[in-house]
4 protein chains.
Amino acid sequence: MIVILKQEADKEKKAVLKGKLKALGFDIHESKGRETELWGLVGDTSIIDDDYLRANEVVEDVKRVQEPYKMANRKMHPEDTVIDIRGRKIGGGHFQVIAGPCSIESKEQIIEVAEDVKKSGAGLLRGGAFKPRTSPYSFQGLQNNGLKLLLEAKAATGLPVVTEIMTPEHLELFEDIDVVQVGARNMQNFQLLKALGKCDKTVLLKRGLANTLEELVMSAEYIMAGGNENVILCERGIRTFETSMRNTLDISAIPMLRKMTHLPIVIDPSHAAGIRWMVEPLALAAIAAGADGLMIEVHNDPESALCDGPQSMTPEGFDELMKKIRKTVEFFGKTMD
Amino acid sequence: MIVILKQEADKEKKAVLKGKLKALGFDIHESKGRETELWGLVGDTSIIDDDYLRANEVVEDVKRVQEPYKMANRKMHPEDTVIDIRGRKIGGGHFQVIAGPCSIESKEQIIEVAEDVKKSGAGLLRGGAFKPRTSPYSFQGLQNNGLKLLLEAKAATGLPVVTEIMTPEHLELFEDIDVVQVGARNMQNFQLLKALGKCDKTVLLKRGLANTLEELVMSAEYIMAGGNENVILCERGIRTFETSMRNTLDISAIPMLRKMTHLPIVIDPSHAAGIRWMVEPLALAAIAAGADGLMIEVHNDPESALCDGPQSMTPEGFDELMKKIRKTVEFFGKTMD
Amino acid sequence: MIVILKQEADKEKKAVLKGKLKALGFDIHESKGRETELWGLVGDTSIIDDDYLRANEVVEDVKRVQEPYKMANRKMHPEDTVIDIRGRKIGGGHFQVIAGPCSIESKEQIIEVAEDVKKSGAGLLRGGAFKPRTSPYSFQGLQNNGLKLLLEAKAATGLPVVTEIMTPEHLELFEDIDVVQVGARNMQNFQLLKALGKCDKTVLLKRGLANTLEELVMSAEYIMAGGNENVILCERGIRTFETSMRNTLDISAIPMLRKMTHLPIVIDPSHAAGIRWMVEPLALAAIAAGADGLMIEVHNDPESALCDGPQSMTPEGFDELMKKIRKTVEFFGKTMD
Amino acid sequence: MIVILKQEADKEKKAVLKGKLKALGFDIHESKGRETELWGLVGDTSIIDDDYLRANEVVEDVKRVQEPYKMANRKMHPEDTVIDIRGRKIGGGHFQVIAGPCSIESKEQIIEVAEDVKKSGAGLLRGGAFKPRTSPYSFQGLQNNGLKLLLEAKAATGLPVVTEIMTPEHLELFEDIDVVQVGARNMQNFQLLKALGKCDKTVLLKRGLANTLEELVMSAEYIMAGGNENVILCERGIRTFETSMRNTLDISAIPMLRKMTHLPIVIDPSHAAGIRWMVEPLALAAIAAGADGLMIEVHNDPESALCDGPQSMTPEGFDELMKKIRKTVEFFGKTMD
């Protein structure tokens with residue numbers, strides 16, 4: 001961490017700050033040029049806030065050299081993390097497709113979709129029971145009952161299941177759920193992240209609509225710092241000025257996260273595009289850019305879907321897409337097993 | 001709500017959709033031009049999702065004419081809502097300044113700051129006990145103990161207090177807190193909003209970093225739909241491409257929210273700017289644009305602040321600012337009482 | 001075009017507006033519901049501004065059903081446009097790679113790079129002579145002399161050349177240039193677009209940093225409306241809140257533009273990422289998403305490059321990448337000839 | 001300028017880079033910590049590109065301490081620049097209102113509006129002759145004839161005139177124009193900026209829709225570096241994710257530009273909001289935040305305006321607003337003369 005001091009900074013005030021920093025355990029390496037005075041802080045700078053230093057009268061600016069995350073950092077863990085979800089591996093060359101409806105609507109619906117996506121080759125089943133909706137008047141999901149139906153679909157097909165949690169209070173309801181999803185709106189719900197850090201479930205952590213990649217990795221760090229290292233990152237489109245699609249898929253997030261962290265990276269082209277016909281090109285692009293998995297919405301009757309109908313594929317459309325996905329994954333040297 | 005049909009739409013499929021909409025209780029007013037066929041839906045369209053219609057094969061697009069919010073809508077409640085917080089009124093010409101430190105750090109600190117800001121004319125005291133921090137390694141607030149210290153400052157000064165809640169599980173700890181703040185990162189933590197809808201506390205709802213004004217009002221609607229109509233909206237800067245300041249204060253939010261809703265509107269210039277010297281011009285601009293209140297960070301020793309030091313004013317600086325605020329509020333025809 | 005009228009609109013004022021619209025040649029199809037009155041305008045609505053209608057006191061809102069572009073619209077021209085640049089075809093299944101340095105620095109440099117990229121299989125040579133730089137103190141390009149050197153490289157290798165134009169006054173200097181590039185900062189330099197509409201050169205039109213896809217197509221329409229239909233669109237990254245990379249590549253632009261227009265679509269991963277090591281994954285993703293070509297910066301000595309060094313590949317790196325590009329283009333069913 | 005070197009950087013390569021930097025005239029102040037090696041460059045760093053350094057294999061990152069602008073920098077010119085436009089002063093406590101229609105449509109229109117805004121107290125008349133329009137099919141302005149009509153309005157009222165230039169080729173047509181406006185879309189049309197740098201006219205430089213404040217000041221620097229120091233900066237709203245208004249007025253730009261530069265700062269609330277009724281609160285907020293002037297659209301018949309009707313005020317509305325503006329300017333200690 002480099003502290004750039006103000007040119008006109010008062011000597012005594014600098015001495016006071018220096019004392020505080022030494023008390024925090026840092027070595028200070030000073031460097032004084034004609035116009036600029038710098039201090040290099042040596043020590044574990046993840047414990048110090050940039051803002052603490054910026055608030056000081058003698059400080060012009062602060063520049064981090066080390067990343068503020070540790071456990072998620074690829075530098076600490078050079079190899080890809082491979083997560084095994086009841087036999088389905090993801091990361092380190094293993095590719096998985098998670099598919100299913102936006103929300104669970106009935107026993108027939110979820111079981112029918114589960115059987116369909118299994119037949120097409122999906123490795124995990126998704127389905128929402130607790131739904132975060134912008135409007136209080138929109139369908140909020142079948143909630144507890146939805147979880148029950150999802151577990152019935154799991155029993156019927158053997159597919160591990162992924163579903164979203166909205167508050168730490170619900171955690172005990174998720175006992176038999178294989179992957180707990182943290183939605184984009186909850187990426188910085190830190191109480192939820194802390195609670196998930198204390199369990200041993202795999203967490204699928206979605207990037208917030210306007211969160212930087214560093215913030216996403218810091219949220220993963222919250223979970224990992226609590227003791228749970230089974231975190232999968234998910235890019236699902238960010239909010240920009242463009243209005244012709246729902247969100248802008250940040251495809252560069254894949255190589256950038258790959259460099260920053262060892263965690264598996266999944267792309268959700270359905271939410272990024274918000275339009276069914278755009279799912280295929282985005283899915284293939286994600287594979288080409290190096291993703292470890294995809295999360296795709298499939299509904300047996302999109303026109304009656306209680307949520308996200310426009311972006312849901314039919315089982316037939318998904319089956320066609322899976323053939324292309326499989327070939328593309330192989331072409332780019334990964335395996336779907 | 002206007003449904004624009006595809007030109008080549010199949011007759012039978014249109015009939016099916018029409019049947020579904022009638023079953024939902026809508027009257028349909030049809031209009032067929034040479035190139036465009038439109039249906040106007042008459043009825044309570046807040047119960048229907050745009051996406052439900054867009055998912056239908058025969059639908060080209062959907063256009064809402066009515067706003068999706070009801071209780072927060074100024075059309076339903078033309079007069080400004082005035083909220084009374086233990087004698088401090090806000091809204092409808094009543095202006096309030098909420099001031100205090102980012103986080104409560106010690107008994108001495110919070111009581112000293114409370115006394116200072118009271119002397120300068122602040123109407124409410126703020127102070128964070130539970131702190132949402134990007135890094136798990138940053139100071140997370142004094143938590144329960146922080147709440148206790150804040151209540152001691154309330155007892156010592158008589159100032160009503162404002163502090164942030166991060167999860168519904170904590171609600172019972174907030175019994176003696178006057179105003180419960182929902183932070184920007186939790187604006188769409190719907191479980192929290194629902195829980196707050198069931199209590200009778202005043203809620204200060206902050207706009208998320210990348211949330212539209214409509215989404216902000218919809219989050220207020222969540223609280224109001226639960227039965228709690230005491231909601232204050234707070235704009236605190238949005239995330240844009242500009243890098244020279246922390247966030248971009250959306251000053252237009254004030255007149256636009258004023259038109260959309262009857263709820264009081266508060267501006268937080270400290271978080272918007274992230275820099276102490278910029279608080280004054282933004283605060284005065286907010287008054288000029290019609291805000292009902294300000295929320296300003298004040299710390300007795302910003303250089304030692306455990307959080308947000310760079311944006312915190314000293315008590316002396318705040319005292320100077322309050323003189324200008326008072327004059328400006330009067331100039332623009334509001335009262336600070 | 002649908003005009004939504006205000007509920008309380010004055011009858012006489014509506015009659016006046018109706019008269020004006022009829023005088024402009026529109027048929028008006030009226031539709032009156034209980035709460036909403038709509039007019040459908042039938043006729044060529046590309047001649048009318050939404051704002052002209054919105055300014056009218058009786059108008060609540062306006063909704064376009066038809067796109068505001070005509071010649072660039074795929075609906076008017078369902079087949080892909082194929083552009084032939086001295087034998088190099090692009091569009092409709094033909095894929096091209098444009099490669100070369102950010103700026104032309106010397107005869108040796110541009111000829112060496114030209115020979116290198118030709119050997120690796122690039123179809124066209126790029127090189128900047130007039131450089132748009134944020135700072136007046138940065139290298140502004142070799143200008144006229146740069147164009148001369150680029151034409152020498154063209155003569156030496158036979159590669160068609162692409163270079164940027166910054167002002168209509170320079171057009172005569174570009175006589176022997178094969179493809180004239182309009183940079184992101186000039187996407188809405190309408191005088192330049194009009195001048196290019198009057199010549200018969202192929203124009204590579206880059207999307208502005210914060211321009212919507214519709215605005216990009218409207219800028220192409222400016223050139224086409226002038227009589228020049230040889231326009232290639234180029235996505236090169238947009239400006240968002242994310243700071244870990246230079247720009248955010250909008251990969252969804254490829255399928256969306258494909259639907260909107262028949263013009264060829266090229267991706268510039270070098271400018272999008274701003275970092276050399278990220279060029280490969282973005283290039284492959286672009287092919288997977290359906291791009292018709294790539295534009296890649298290559299420099300024989302990136303560390304001495306006068307501009308954009310961090311994103312320039314070495315000739316060796318580019319040669320490796322071209323092998324992957326060729327295989328990927330074939331895998332996705334296009335040809336590089 | 002601080003160069004942060006990679007930990008594993010090769011010694012010989014570092015020596016080579018050091019040699020290059022010394023050859024460019026820099027003194028290098030080295031500082032080597034346990035984990036970090038830094039070089040402080042001493043000399044005129046405005047001549048060096050950050051990217052030139054970032055492209056070097058041994059460089060981890062680069063951090064500027066000095067701003068890249070010189071002539072526009074407040075550090076070089078601590079006092080506010082006051083520009084005198086035929087007797088109307090702006091900057092340094094002098095406040096001006098520029099008013100008039102979006103486009104000049106007829107002799108009657110421009111003279112009538114000119115007389116109206118003069119009566120209400122506007123100091124300068126605006127009116128567009130060359131109009132940058134997104135669509136080639138929209139009204140493009142009366143062009144040369146528009147300039148003529150604007151000069152007739154100037155002759156009739158004595159008001160200095162402001163109008164937009166779109167290309168350097170038109171500069172000679174602007175001989176009698178008092179203030180030449182560079183529109184948002186041309187903020188980085190560097191050929192135009194260079195041409196304006198060589199004349200002695202006052203330039204009103206508008207911020208681009210997605211340009212940072214530093215980029216805006218760099219564009220001013222282009223004009224100033226050419227020899228023309230009469231530059232007024234104008235914030236007119238930026239492009240964000242918010243859709244309820246046309247653009248987001250960046251009110252913080254006022255204090256931030258004030259700190260960065262000595263040039264006068266004008267706000268255009270009409271373009272920022274895009275809606276007539278929002279002009280007043282934004283105008284008053286701009287004064288409160290410290291602006292030196294306002295630019296407001298006024299049309300004698302907004303409903304027939306060929307451009308920007310929804311945001312144009314009527315002369316009566318403007319007259320009311322001017323009374324409030326005058327009082328507010330005085331309240332905040334500036335003079336309108």
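## Exercises on a predicted model

Chain A can be laid on chain B by a turn of 180 degrees and a shift of 0.0 Å along the axis, leaving an RMSD of 0.0 Å. Keep in mind that this is a predicted model.

**Exercise 1.** Work out what kind of axis relates chain A to chain B, and find the residue of chain A that comes closest to it.

*Solution.* Start with the general idea: two copies of a chain are related by a rotation about an axis and a shift along it. Here the turn is 180 degrees and the shift 0.0 Å, so the two copies are related as by a two-fold rotation axis. Now look along chain A for the closest approach: that's Ala210(A), whose C-alpha lies 2.9 Å from the rotation axis. Finally, check the interface: 100% of the interface residues of chain A are also interface residues in chain B, so the copies meet through the same surface.

**Exercise 2.** Lay out the open sheet of chain D and place helix α1 on it.

*Solution.* First, write down the strand order: four strands run β2-β3-β1-β4 in chain D, with antiparallel pairing. Next, pick out the edges: β2 (27–32) and β4 (59–63) of chain D each pair on one side only. From one strand to the next, the twist averages 20 degrees. Then add helix α1 (residues 11–23) of chain D, which packs on the sheet and touches β1, β2, β3 (37–42) and β4 of chain D. The direction of α1 makes about 10 degrees with that of β3(D). To zoom in on one pairing, take β1 (residues 2–5) of chain D, joined to β4(D) by four bridges. Within that pairing, Leu5(D) has Val59(D) as its bridge partner.

**Exercise 3.** Decide whether α9(D) and α10(D) are roughly parallel or antiparallel, then do likewise for α10(B) and α10(D).

*Solution.* Take the pair within chain D first. Helices α9 (residues 279–288) and α10 (residues 315–331) of chain D pack at about 15 degrees, their axes 10 Å apart. Angles under 35 degrees count as roughly parallel, so α9(D) and α10(D) are roughly parallel to each other. Their crossing is right-handed. Among the residues that meet are Leu284(D) and Ile287(D) in α9(D), and Leu321(D) and Ile325(D) in α10(D). By class, this contact has six nonpolar, one polar and two charged residues.

Now for the pair across chains. The angle between α10(B) and α10(D) is about 165 degrees, with axes 12 Å apart. Over 145 counts as roughly antiparallel, so that's the verdict for α10(B) and α10(D). The contact uses Lys327(B), Thr328(B) and Phe331(B) of α10(B), along with Lys327(D), Thr328(D) and Phe331(D) of α10(D).

Note on methods. Residues numbered from 1 in each chain as written. Chains lettered and ligands numbered in written order. Predicted model: local features only at pLDDT ≥ 70, side-chain atom pairs only at ≥ 80, totals over all residues. Heavy atoms only, no water. Pairing = 2+ DSSP bridges. Helix = DSSP H or I, 4+ residues; strand = E, 2+ residues; numbered from the N terminus. Axes fitted to C-alpha atoms, helices over the stretch in contact; angles between N-to-C directions. Contact = heavy atoms within 4.5 Å. Least-squares fit on C-alpha atoms with pLDDT ≥ 70 in both. Parallel < 35°, antiparallel > 145°, perpendicular 65-115°, else oblique. Left-handed = near helix turned anticlockwise from the far one by under 90°. Nonpolar A, V, L, I, M, F, W, Y, C, P; charged D, E, K, R; others polar.
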